[in-house]
Amino acid sequence: MKRRSYLLKACLFATGCAGIVAEFVLSTLASYLLGNTTLQWTLVMSLMLFTMGLGSRLSRHIQDRLLDRFIAVEFTLSVLCASCGAAAYFGTALVGQVGAVLYGYAAGIGLLIGLEIPLVARMNETYESLRTNIASVMEKDYYGALVGGVLFAFFALPHLGLTFTPIMLGAVNFTVASTLLWKYRGLLVRRRWLTGAFWTIGIGLVGLGVCIRPIVLFGEQSRYRDRVIYEAQTPYQRIVMTEWKGYHWLFLNGSVQFSTYDEARYHEALVHPAMGLAASRERVLILGGGDGLAAREALKHADVRSVILVDLDPAMTELARTHPVLLEANEGALNDPRLRVVNRDAGRFLEDADELFDVILIDLPDPKGPDLARLYSREFYLSCKRHLSRGGVVVTQSSSPLYATRAFLCVYRTLQAAGFSVLPYHTTIPTMGDWGWVLGMKAEVVSAEALKERAMGLDFSGVETVFLNREAMVGMAQFWKGVFEQAGEVAVNTELAPVVDRYYREAEWGW
C-alpha cells in the first residue's frame with residue numbers, strides 16, 4: 001500500500017514539473033509569435049491558473065474509476081503538451097490565428113492540470129490521513145514545479161528550444177500514464193481502451209519528434225517574406241536570418257535588426273558622429289550590437305585602442321564571430337584583438353564597471369517591454385554619464401521620429417534630464433523607414449547649440465564610409481516642422497515609470 005502511495009506522489013512530482021514547464025513554453029511561444037512579452041506571459045499564466053481552478057471544480061463530479069481517469073488525463077496531457085509547439089506554428093502558417101490556438105491550448109492544458117491533484121489526493125486517501133495526504137500531495141506538486149522551472153531555464157529552453165521542449169513535456173506525461181497503466185493494469189476497468197491509447201500516442205510522439213523540425217521551419221517561413229537560412233532559440237531570444245537576392249536580414253524575436261542591403265546607413269550614423277565629436281576615441285563601449293556591425297565602424301578609427309562590446313546573449317556574439325553571413329558583414333570585427341566581448345546585461349555591467357570611456361554607443365533593441373525600457377531610462381543614462389570621460393560622447397538609437405514620434409522625443413527628453421546637452425538626428429533607411437538617434441555630451445562641457453554647430457562641421461573624409469559625409473550630417477540634423485513642439489507633452493522615462501514602452505506601442509508604424 002505504501003508503495004502505491006509513493007508511486008502516486010512520484011507521478012505527481014513529475015506532472016508538477018511538466019505542468020509548470022508547459023506554462024512557460026506557452027507563454028514564451030505567445031511572446032515570440034504575438035509580441036508584447038509582458039502581456040502574453042500575463043494572459044497565458046492567468047488563463048492557465050483560471051482553468052486549473054475550473055479543472056479542480058470539475059473533479060468533484062468524477063466519482064469512480066479514478067485510476068482509469070487519471071491515466072486518461074495524463075495521456076491527453078501528453079498529446080496537448082507535445083503538440084502545442086507544432087500547432088502554434090501551423091496556426092501561424094495555415095489559419096493565421098495563432099492567438100486562438102495558443103490560448104486554446106493554454107485553457108485545455110490548464111483544465112487537465114487542475115484535475116490531476118484532486119484525483120491523486122482522492123486515490124491517496126486510502127493510504128494516508130487527510131492532513132498528511134493533502135500536505136504531501138501538494139508538497140510533491142510544488143517541488144516538481146521548482147525542478148521544472150530550473151530545467152526550463154537552464155536546460156530545456158537553451159538546449160531543446162521551443163521545438164523539442166514540448167515533446168519532452170509530452171513524454172513526461174506519457175511516462176507517468178504508461179507506468180501506472182502497466183503496473184496496475186489489473187485494477188483498471190477500461191484496460192483495453194487505455195492500452196490502445198498507449199500504443200497510438202507512443203507512436204504519435206515518436207512521429208512528431210521526427211517531423212517537428214520541418215513543421216517548425218514551415219511555420220517560421222510563413223512569418224517572413226524571404227527564405228529563412230538560419231533559426232535558433234536562445235534563452236533570451238529567437239534569432240532568424242533570411243536571404244533575398246544575395247542580401248540578408250537579421251530578426252530578433254520577429255523584429256528586424258538590420259539588412260545587409262542598407263545597414264551601413266544605420267551603423268555609420270550611429271557611430272561616426274559620436275566618434276568625430278569625442279575629445280578622444282581611445283576607449284569605446286558598445287552596449288548591445290552583438291551582430292558586430294557597430295564594432296566594425298568603431299574599429300575603422302585608427303586611434304581606437306580598446307572596444308568593449310556588452311551583449312546579453314552569448315549565442316548572438318558567437319554567431320557574429322563564426323557565421324559566414326555575419327562575418328562578411330561585420331568584417332570580422334569581433335575577432336579584432338582590440339575588442340573584448342562581455343556577455344552581460346548592459347545595466348548590470350555599468351553598475352559594476354570602474355572604467356571611463358570616451359565614447360559609449362548604445363545599439364539596443366527598441367524599448368518594447370519594461371526590461372528594455374529600463375535601458376532607456378534616466379537612471380541608465382546617469383550611469384552612462386558617470387562612465388564618460390570629460391569630453392566623452394554617448395549616443396543611442398531612438399526608434400523612428402516619424403512613426404514613433406513620442407518614443408523618440410521621450411529618449412530626447414530623458415537624455416536631457418540626465419544632464420546631457422543633446423543632438424537629435426535622423427535619416428531614411430529603406431528597409432526600416434525614417435530612423436533616429438540622440439547624441440549627448442555632458443552639459444557642463446558644451447551647450448546644445450555649440451554641440452550642434454560642432455556636428456555640422458564634422459569632416460568624415462578620414463574614415464571609409466558608404467553613406468556618411470559632411471553634407472549628410474547637416475541634413476540628418478534637420479527636422480520637419482513641429483516635431484519638437486510636442487516634447488513638452490512627453491514625460492521623462494524612469495525605471496519606476498517606464499513610459500517609453502507605452503509611447504513606443506502607441507506608435508503608428510507606416511509598414
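This section describes the nonpolar cores, a four-stranded sheet and the aromatic pairs of a predicted model.

The largest nonpolar core comprises 74 residues, and those with the most contacts inside it are L26, I71, F75, I109 and L180. At least two residues of this core are supplied by each of helix 1 (2–34), helix 2 (37–58), helix 3 (66–95), helix 4 (98–124), helix 5 (130–183), helix 6 (191–221) and strand 3 (247–252). Helix 1 provides the largest share, 15 residues. When residues up to four places away in sequence are not counted, I71 touches A177, L180, L181, L188 and L194. Another core, of 58 residues, lies apart from this one and includes V307, L326, V359 and M441.

Four strands are arranged as an open sheet in the order 1-2-3-4, with antiparallel pairing. Strand 1 (227–233) and strand 4 (255–259) form the edges, each pairing on one side only. From one strand to the next, the twist averages 20°. Six bridges join strand 2 (residues 238–244) to strand 3 in the antiparallel sense, and W244 has Y247, in strand 3, as its bridge partner. Helix 6 packs on the sheet through contacts with strand 1 and strand 2, and its direction makes about 115° with that of strand 1. Helix 9 (residues 314–322) lies across strand 1, strand 2 and strand 3, and runs at about 30° to strand 2.

The model contains 15 aromatic pairs. In one of them, the ring centres of F24 and W41 are 5.7 Å apart and the ring planes stand at 35°, so this pair is classed as tilted. The two residues belong to distant parts of the chain, F24 to helix 1 and W41 to helix 2, and are 17 residues apart. F24 counts as buried because its relative accessibility is 16%, below the 20% limit for that class. W41, by contrast, has a relative accessibility of 27% and therefore counts as partly exposed.

A further tilted pair is formed by Y266 and W437, so classed because the planes lie at 50°, with the ring centres 5.6 Å apart. Since Y266 lies in helix 7 (residues 263–277) and W437 in strand 11 (residues 433–442), this pair ties together parts that are 171 residues apart in sequence. Y266 and W437 are both buried. In addition, one aromatic cluster is formed by F75, F174, W182, F198 and W199; of these, F75 is also among the residues with the most contacts inside the largest nonpolar core.

Definitions and conventions. Residues numbered from 1 in each chain as written. Predicted model: local features only at pLDDT ≥ 70, side-chain atom pairs only at ≥ 80, totals over all residues. Heavy atoms only, no water. Core = buried A, V, L, I, M, F, W, Y, C linked by side-chain atoms within 4.5 Å. Buried < 20%, exposed > 50% of the residue type's maximum accessible area, 1.4 Å probe, protein only. Contact = heavy atoms within 4.5 Å. Pairing = 2+ DSSP bridges. Axes fitted to C-alpha atoms, helices over the stretch in contact; angles between N-to-C directions. Phe/Tyr/Trp six-rings, centres within 6.5 Å; stacked < 30°, edge-to-face > 60°.
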